[in-house]
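Hi,

Here is the structure for you to look through. My notes on its aromatic rings follow below.

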Amino acid sequence: MTTYEPVIGLEVHAQLLTKTKAFCSCSTRFGAEPNSQTCPTCLGLPGALPVLNRHAVELAIRAGLSVDCTVRQTSRFARKNYFYPDLPKGYQISQFDEPICENGKLDLMMGEGDGAYVRHVRIQRMHMEEDAGKNLHDRGSDSIVDLNRSGTPLIETVTEPDLRSAAEAGEYLRSLRDIFVFANVNDGNLEEGSFRCDANVSIRPVGVEKFGTRVELKNINSFRFVEKAIIAEIKRQEECMRTGERIVQETRGWNDATGTTFSLRSKEEAQDYRYFPEPDLPPLVVSPAQIEAVRATLPERPRDKRSRYVTSMGITAYAAGVLTGHPKIAAFFEAAVAAGADAQKASNFIQAEVLRDVTTKGVEAEIPLSAAQLVELLGLVESGAVSGKQAKEIYAALRGTGQSAKAVVAALGLEQMSDEGALEAIVRKTIDGNPKQAEQLRGGKVGLMGFFVGQAMKETGGSANPAMLNGVIKRLLSIT
Amino acid sequence: MTVSESLDSIVRIAESVRSGGCSAEAIARETLSRVEAREPSVRAFLHVDHEGFVAAARAVDAKRARGEELGLLAGVPIAIKDALCMKGVPTTAASRILEGYKPVYDATVVARLRAADATLVGKTNLDEFAMGSSNENSAFAPVHNPWDLSRAPGGSSGGSAAAVSSRMCLGSLGSDTGGSIRQPASFCGIVGVKPTYGRVSRYGLIAFASSLDQVGPFATDVRGAARMLRVLAGHDPHDATSLDAPVDDYEAACDRPVAGLRVGIPREYFGPGLDPEVDMAVRRAISCLEQYGCTVKPVSMPHTKYAVATYYVLATAEASSNLARFDGVRFGLRKEPDHDLRSMYGATRDAGFGPEVKRRILLGTFVLSSGFYDAYYLKAQKVRTLITRDFEAAFQEVDVLCAPTAPTTAFRLGEKTHDPLAMYLSDIDTLPASLAGIPALSVPVGLSANGLPIGLQVMAPHLHEARAFAVAAACERHDALHVGAPAAFP
């Protein structure tokens with residue numbers, strides 16, 4: 001039986017994180033009252049003209065450089081012509097034969113252990129374009145059009161057909177999203193549609209060079225669905241091959257309820273977009289100096305961060321993954337380490353305590369304490385001023401207040417007892433009151449250590465410096 | 001000086017209003033009485049904004065009464081081609097598809113006129129979406145040439161030209177894509193200026209062909225047009241193609257001597273098809289320039305003959321896309337024979353667009369279609385570059401180029417409406433400058449034996465409008481070239 005190999009290429013539309021639209025100064029904020037963020041330009045009123053948002057250009061360059069693209073010094077906008085109610089001008093301003101970025105790459109680390117391999121994905125191009133509006137069909141018998149999104153700047157990233165499985169496609173999408181989010185060009189928010197994906201899928205018998213007929217999967221709104229849809233589509237195409245049914249070039253959608261793809265339109269119905277250079281915008285020229293200036297501010301990629309955390313900070317790969325789950329958390333962790341915190345301890349504390357209080361929205365995150373507060377708190381534990389258990393209590397009181405850890409310690413009366421003389425007095429009292437247990441411990445029943453620690457803690461209201469307490473007990477009972 | 005006497009030049013009106021010699025309201029009233037008397041025979045306007053016009057005049061007078069300095073066009077009645085948006089005033093581009101449409105914003109040029117204290121009379125007729133050369137493609141009514149009411153005023157800015165020619169107002173705005181200011185200026189015996197592409201903002205001009213469209217003034221005299229352009233020109237942050245270059249004092253340029261200026265005569269403009277009377281009048285004007293000390297030099301611009309074909313590929317391509325927004329969804333006409341999107345698009349555009357607009361949308365759609373793009377659109381872009389290079393080469397040798405504005409005088413209404421190609425050829429002399437994006441103007445230099453005006457076209461290098469104004473003003477000063485107002489509309 002013939003074995004087939006899937007061939008997959010992906011197109012990702014990512015919204016650039018500008019405050020205003022690509023060609024006018026309307027806000028790009030999500031969720032506003034329909035058509036409240038519009039002007040003659042993004043409504044496509046007669047006579048209105050586009051003027052390019054330079055910040056969008058900077059973000060597009062940044063996105064391109066983040067996946068090793070070459071940035072064109074001269075690129076050009078083009079009109080993509082088609083009629084649809086959510087497209088007010090009857091054309092979309094996009095880029096066609098001269099996109100702003102080309103020839104990038106993204107390597108995917110696939111599999112584990114002996115099955116691990118690297119998939120090189122070539123990025124053919126990245127081009128800037130404007131988003132369309134949205135047709136709403138939930139308001140009675142008429143459809144209404146909301147043009148708030150019309151003119152929002154997007155960057156479309158197109159790969160070569162280099163992916164060979166649904167898992168690779170999923171990994172590519174997660175990696176690209178991470179890179180964009182860390183580069184601060186996109187908020188990675190799939191629910192609000194600011195990161196969207198189309199997949200081109202074909203299959204061919206293993207060993208055959210020539211590509212099979214390609215099917216485009218469109219409008220799939222989660223990574224999980226993309227993977228499921230690709231798997232289902234590969235299966236469908238294999239079935240076609242086996243039964244001799246012809247695979248036609250078409251656009252298909254995903255029905256999650258049935259777990260199958262379905263035809264949206266065939267190639268015969270495909271539009272002729274009649275691309276031509278946008279006469280309302282001069283060619284986009286960026287100088288090498290501008291490109292280098294953007295390159296200089298490019299942040300470390302999440303993958304590089306993870307490996308640096310593991311190799312030079314000595315934390316586990318798992319912890320590194322958790323800490324790089326969001327750029328603001330990674331930045332928080334790094335700031336704490338830079339300010340003198342022990343990487344391992346900061347990592348543990350963040351994972352154990354801080355993360356559950358963190359809320360993220362897009363590229364923004366609310367972290368309930370500052371790196372400086374964390375460093376101070378960990379320092380108190382390090383010096384023995386407070387116990388690890390107390391640190392958690394202090395953190396709970398500290399979060400969201402901006403107070404210094406020391407102030408909270410004082411307020412809670414949690415200063416650790418590190419007065420060796422006083423501890424000695426307490427331990428002696430316990431030994432005197434429990435001679436039997438003292439004898440047993442001296443005799444080697446180390447399990448009783450906890451009994452003496454516990455008694456001292458009880459006496460001190462839990463404030464005894466545990467390390468010092470341990471030392472005192474051992475010394476008084478002559479345990480080595 | 002009576003109000004009526006002051007109504008003979010833009011500069012004179014503005015200066016008398018600025019100095020208090022005459023109130024803007026009196027001028028507005030006189031203008032409206034002229035419109036009432038003359039408009040029924042000329043039909044230049046699609047909309048006269050009685051209230052807004054008089055209110056603007058009163059505001060100018062009030063401003064003066066407060067002791068504030070008035071702008072360069074204080075109290076000057078100016079008409080606006082109906083392809084330009086005026087906030088709250090019906091703006092149709094002479095198309096059924098925009099009937100009843102009122103823009104929510106002013107075009108930049110409209111705002112600049114207002115800022116200069118001009119008073120805006122109303123909106124003038126044009127060929128639908130500025131597509132035409134006779135104004136007969138207006139969806140509403142044809143305009144009549146004030147020199148002979150049975151003739152076309154030219155187009156597409158025919159209403160703006162006829163309004164000025166009949167002295168209903170002394171200045172107006174037009175738009176020129178392939179000759180739509182210059183050719184009607186020539187037909188109507190007035191001055192019309194197409195500035196350098198990018199010199200004047202297009203924001204608020206309903207686009208026909210974006211890479212060619214340019215707004216410019218009509219006036220009864222060169223100095224008036226110069227003053228208007230001074231107000232209109234300059235960078236606009238709302239138009240990415242507008243040029244950020246200093247604006248010259250065009251009015252001062254009108255007094256500049258032309259002696260020593262090298263005048264090029266492109267031989268390709270004097271070929272077959274040129275009316276002998278036009279030929280003679282243009283040559284006479286050129287010899288007058290020689291009398292002023294210009295040196296005259298024949299030049300050749302070999303790619304001129306491709307201008308018509310190039311233009312009709314590029315302009316229609318852009319138009320097919322620019323007119324896509326008239327889809328019945330957000331504004332203007334909507335026809336819904338069935339409760340279905342596709343039929344709504346089809347029915348709306350079928351009912352809303354006239355035959356010439358449809359012809360051009362079809363042409364433009366065709367030349368951009370997959371499989372034809374390279375042969376038509378791309379090829380035309382290359383030829384456009386060659387035409388531009390012809391001009392660059394010519395301007396190495398001469399300072400300005402002088403040629404006829406149109407091959408004939410005004411033709412009769414109905415004469416060419418059944419022959420689109422013959423109609424297209426009436427723009428043959430104006431298309432090259434449009435394709436090259438250079439400034440060009442038309443100045444009246446004589447009348448034909450049957451009393452129809454003839455225009456001289458003066459073309460200058462990029463951003464050298466001042467030079468064209470100097471040459472045009474010299475022609476205007478020469479007694480032998482005097483044209484004046486049509487007898488019926490003094």
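Start with two neighbours: Tyr311(B) and Tyr312(B) are both buried. Bear in mind that this is a predicted model.

Tyr312(B) also pairs with Tyr424(B). The planes of these two rings are at 15°, so the pair is stacked. Their centres are 3.8 Å apart. This pair links distant parts of the chain, 112 residues apart. Tyr312(B) sits in helix α11 (residues 307-322) of chain B. Tyr424(B) belongs to helix α15 (residues 420-425) of chain B.

Both partners fall under the 20% cut-off for burial. Tyr312(B) has 8% relative accessibility, so it counts as buried. Tyr424(B) is buried too, with a relative accessible area of 7%.

Now the wider count. Over all chains, the structure holds 23 aromatic pairs. One of them is formed by Tyr311(B) and Tyr312(B), and its geometry is edge-to-face. There the planes are 80° from each other, and the distance is 4.9 Å centre to centre.

Chain B also has a ring cluster. Its members are Tyr101(B), Phe129(B), Phe326(B), Phe331(B) and Phe353(B), linked by ring pairs.

In chain A, look at charges over rings:

- Arg79(A) places its charged end over the ring of Tyr91(A), 4.0 Å from the ring centre.
- Lys80(A) has its charged end over the ring of Tyr273(A), 4.4 Å from the centre of that ring.

Best wishes

Note on methods: Residues are numbered from 1 along each chain as its sequence is written. Chains are lettered from A and ligands numbered from 1 in the order in which they are written. This is a predicted model: local features need pLDDT of at least 70, side-chain atom pairs count only at pLDDT 80 or more; totals for chains, interfaces and linings use all residues. Side-chain values use heavy atoms; hydrogens and water are left out. Rings of Phe, Tyr and Trp (its six-membered ring) pair if their centres lie within 6.5 Å; planes under 30 degrees apart count as stacked, over 60 as edge-to-face and the rest as tilted. Buried means under 20% relative accessible area, exposed over 50%, partly exposed in between (1.4 Å probe, protein chains only). Helices (H or I, at least four residues) and strands (E, at least two) are DSSP runs, numbered from the N terminus. A charge sits over a ring if NZ of Lys or CZ of Arg is within 6 Å of the ring centre and within 35 degrees of the ring normal.
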